[in-house]
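Work through the exercises below with the model open beside you. Try each task before you read its solution.

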There are 2 protein chains.
Amino acid sequence: MAKNGDHENDGHMHGEVNKRRKNRRPTMVDVAREAGVALRTVSRVVNDDATVGSELAKRVHDAIAALDYRPDERARHLRLGVTGTLGAAVRQLSHVNPVLRAVERAARAADLMVLAASTEDDERLERRVVESMCRRRFDGIVLEPIGADHGYLLPELAAGLSLVAVDRPVLGLEVDCVISDNMAGIQAAYGHLTAHGHRRIAYIGDDERIFTAQERASAFRASVAGAGGGLDGMVHTGPIEPGRIARALTTARAGGATAVITGNATISVEVVRGSDDRRMAIVGFDDSELATLLRPDLTVVAQDDQAIGATAIDLLRSRIADHGRPVTRVTVPVELLARGSGEQPPP
Amino acid sequence: MAKNGDHENDGHMHGEVNKRRKNRRPTMVDVAREAGVALRTVSRVVNDDATVGSELAKRVHDAIAALDYRPDERARHLRLGVTGTLGAAVRQLSHVNPVLRAVERAARAADLMVLAASTEDDERLERRVVESMCRRRFDGIVLEPIGADHGYLLPELAAGLSLVAVDRPVLGLEVDCVISDNMAGIQAAYGHLTAHGHRRIAYIGDDERIFTAQERASAFRASVAGAGGGLDGMVHTGPIEPGRIARALTTARAGGATAVITGNATISVEVVRGSDDRRMAIVGFDDSELATLLRPDLTVVAQDDQAIGATAIDLLRSRIADHGRPVTRVTVPVELLARGSGEQPPP
DNA sequence: CCGGGGTGAGATAACGTTATCCCGAAAGGT
DNA sequence: ACCTTTCGGGATAACGTTATCTCACCCCGG
């Protein structure tokens with residue numbers, strides 16, 4: 001326990017060690033004094049500089065241990081200019097988000113620390129979070145953008161912010177981004193259902209003001225048009241409310257639909273919940289824990305979260321390395337996982 | 001795009017503007033030069049100091065706008081001594097974690113920024129993350145502790161770290177913590193099932209090396225003992241593997257169990273998955289999205305995530321304000337939500 | 001015996017803020 | 001008219017690091 005620390009906690013005794021001002025954490029100066037060396041030498045030891053003799057190094061290490069010295073990264077970062085930190089501004093930290101996991105992994109592999117915060121799908125909060133990260137001079141930011149107006153990013157980008165958008169692009173701004181191949185996913189789902197005999201297929205999706213929702217809905221319309229089918233009563237988009245989705249399901253059935261494609265995992269849940277007895281074929285967008293809990297298991301279009309996260313970090317690092325590099329947009333392939341619900345034939 | 005040679009904003013063409021060193025973000029000195037005032041005055045304006053005249057203030061604001069100046073929090077924090085930042089080290093950022101959400105909310109209300117990172121249930125990673133946050137001099141840390149050995153925290157705490165443990169205590173160390181009333185939850189579940197006629201009740205839980213798992217399992221054993229029942233074949237704990245849980249279920253049935261209490265949400269899923277046809281009454285620990293998706297809906301013991309998160313931030317703030325305050329351990333009540341699965345009578 | 005590389009270590013100046021002092025001028029009292 | 005008070009605003013010193021420069025020293029060959 002406390003070896004030399006007998007004065008340490010109990011008050012106002014003025015020993016050599018205790019000369020530092022009240023309760024202040026020890027600094028390099030304190031270590032230098034304790035070890036009887038120059039400030040710069042302590043810095044050298046801390047940074048594993050080879051040009052310091054072994055005897056002095058030992059003295060310094062002892063002093064560090066005796067004082068429980070911990071370097072202050074704020075000062076370090078200030079002096080260095082970089083922080084070795086990436087920010088992640090995501091919709092909800094506390095929601096399931098496999099991409100964020102992949103982002104953390106990839107960043108860790110590159111010896112970067114990821115610090116994350118929620119934007120709660122609130123444009124103002126997004127701005128608050130991102131600007132806060134900028135003021136903290138994070139080296140880069142991974143952002144799941146919300147809403148349409150990202151003008152506030154312009155001066156930050158001009159000032160040198162490195163940014164990569166994930167899942168959705170930053171509309172109107174030239175920013176690197178990584179997005180799933182929504183169109184291919186919808187096409188695969190549609191093709192899968194037609195291959196199993198379905199001719200009338202409905203789509204129930206999220207609010208089309210959301211980029212991915214819009215993209216998926218458009219892809220669906222294009223698929224139907226390409227097959228020469230009709231769209232009446234088959235496309236339902238809007239905010240996620242159980243009532244809306246139940247009504248959409250009813251309308252689709254009345255219109256003769258025998259299968260449904262959903263726009264995201266939450267909607268899949270509602271659709272399953274709303275189609276208790278009467279069996280329709282279902283292909284959901286986004287894989288989730290729920291998919292293998294249902295009977296039959298849910299056939300889904302799964303995004304490659306691992307690839308998305310790793311690519312995001314790649315883009316961010318190369319952007320940090322060369323801020324003038326041309327903007328890149330990466331589309332990551334999706335995969336259809338057939339599990340049962342999408343293979344049911346029409347009645 | 002515009003490189004450093006061009007004027008960055010087409011609007012304001014002050015020759016002064018471009019004088020700043022290559023690509024460097026503008027600093028207070030640059031703003032002061034641009035506005036023709038002293039450095040200190042810029043600081044005053046930025047911090048809304050009332051003692052600055054309105055004319056000078058305007059000049060400064062204009063200069064800030066012209067240069068797109070953003071204060072550097074690293075320097076600010078270094079000078080101020082505090083960072084206005086809390087760290088959250090949780091098991092998995094990308095898992096559902098309502099407590100983290102409540103933590104973010106409560107912190108935001110107190111004008112503190114929460115930056116979160118995953119520990120991935122890895123003791124070494126936890127240490128890495130926490131120490132990193134300490135070196136960044138975060139004002140406080142919310143921690144979901146892993147494993148048994150938290151000795152590395154000792155010097156940090158002595159040096160002034162403010163810490164609060166959530167969901168589990170930090171074993172062997174005097175640290176504030178907020179924990180659900182696991183015992184009361186198990187008792188409530190047990191009482192609920194007996195009230196509905198069950199006499200043989202099984203418990204399937206997580207690995208007892210995990211604190212909460214141990215606490216819940218013990219509470220279950222105590223409940224059974226209190227009711228004068230036998231434990232043979234009724235208590236199954238261990239790592240979460242589908243196979244183990246299916247076997248546990250079989251054993252329990254063979255032992256005459258007509259109802260199951262689960263140790264957490266993941267196990268609830270596996271139990272539901274494994275008890276397809278034959279109906280047993282189920283009470284799950286932890287509420288989740290799944291609970292209302294099943295038929296019948298899952299009766300659960302729900303933790304008060306909101307209260308846990310808010311309490312954690314309260315404790316942390318008061319610890320920051322008075323580092324010598326006695327250690328507090330808060331137990332937050334749980335609530336049994338009857339939804340159907342726990343009200344089925346024995347066959 | 002002396003000059004020329006290395007080489008280990010110290011003094012000092014940044015990095016971008018805020019806090020402490022201090023001063024000049026305007027205002028008010030006698 | 002002069003002295004005191006207020007008050008806006010500027011110089012300058014921290015905060016805790018790292019980078020640059022310098023220097024003292026030692027080991028050799030000439």
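## Exercise 1: DNA strand D

The surface near DNA strand D is made up of 11 nonpolar, 6 polar and 10 charged residues. Here Ala, Val, Leu, Ile, Met, Phe, Trp, Tyr, Cys and Pro count as nonpolar, Asp, Glu, Lys and Arg as charged, and the others, Gly among them, as polar. A residue is near a strand if one of its heavy atoms lies within 4 Å of it.

This is a predicted model, where local features need pLDDT of at least 70, side-chain atom pairs count only at pLDDT 80 or more, and totals for chains, interfaces and linings use all residues. Residues are numbered from 1 along each chain as its sequence is written, chains are lettered from A and ligands numbered from 1 in the order in which they are written, and side-chain values use heavy atoms, with hydrogens and water left out.

**Task.** Find which residues come nearest to DNA strand D, and list polar contacts from chain A (a polar contact is a pair of N or O atoms within 3.5 Å; within protein, one must be able to donate a hydrogen and the other to accept it, and residues adjacent in sequence count only if both atoms are side-chain atoms).

**Solution.**
1. Start with the surroundings. There are 27 residues around DNA strand D, and Arg40(A), Ser43(A), Arg79(A), Thr41(B) and Gly53(B) come nearest.
2. Look at the strand's own atoms. Of those within 4 Å of the protein, 63% belong to sugar or phosphate and the rest to bases.
3. Take the bases. An N or O atom in the side chain of Arg40(A) is 2.9 Å from a base nitrogen. A polar side-chain atom of Arg79(A) lies 2.3 Å from a base oxygen of the strand.
4. Assign the elements (helices, H or I, of at least four residues and strands, E, of at least two are DSSP runs, numbered from the N terminus). Those giving two or more residues to the surface near DNA strand D are α2 and α4 of chain A and α2 and α4 of chain B. The most, 4 residues, comes from α4(A).

## Exercise 2: DNA strand C

**Task.** Which element gives the largest share of the surface near DNA strand C?

**Solution.**
1. Nearest among the 26 residues around DNA strand C are Thr41(A), Gly53(A), Arg40(B), Ser43(B) and Arg79(B).
2. A polar side-chain atom of Arg44(A) lies 2.8 Å from a base nitrogen of DNA strand C. For Arg76(B), a polar side-chain atom lies 2.9 Å from a phosphate oxygen of this strand.
3. Two or more residues each come from α2 (39–46) and α4 (73–80) of chain A, and from α2 (39–46) and α4 (73–80) of chain B.
4. The largest share, 4 residues, is from α4(B).

## Exercise 3: Asp149(B)

**Task.** Is Asp149(B) buried or exposed?

**Solution.**
1. Locate Asp149(B) in the loop between β3 (140–143) and α7 (153–158) of chain B.
2. Its relative accessibility is 57%, so Asp149(B) counts as exposed. Buried means under 20% relative accessible area, exposed over 50%, partly exposed in between (1.4 Å probe, protein chains only).
3. A polar atom of the Asp149(B) side chain lies 3.1 Å from the backbone nitrogen of Gly151(B).

## Exercise 4: Confidence in chain A

**Task.** Where does pLDDT stay under 50 in chain A?

**Solution.**
1. pLDDT is the predictor's confidence in each residue, from 0 to 100. Its mean over chain A is 89, and 93% of the residues reach 70 or more.
2. pLDDT stays under 50 over residues 1–21 of chain A.
3. Where pLDDT is low, the predicted coordinates should not be read in detail.

Methods
Contact means heavy atoms within 4.5 Å.
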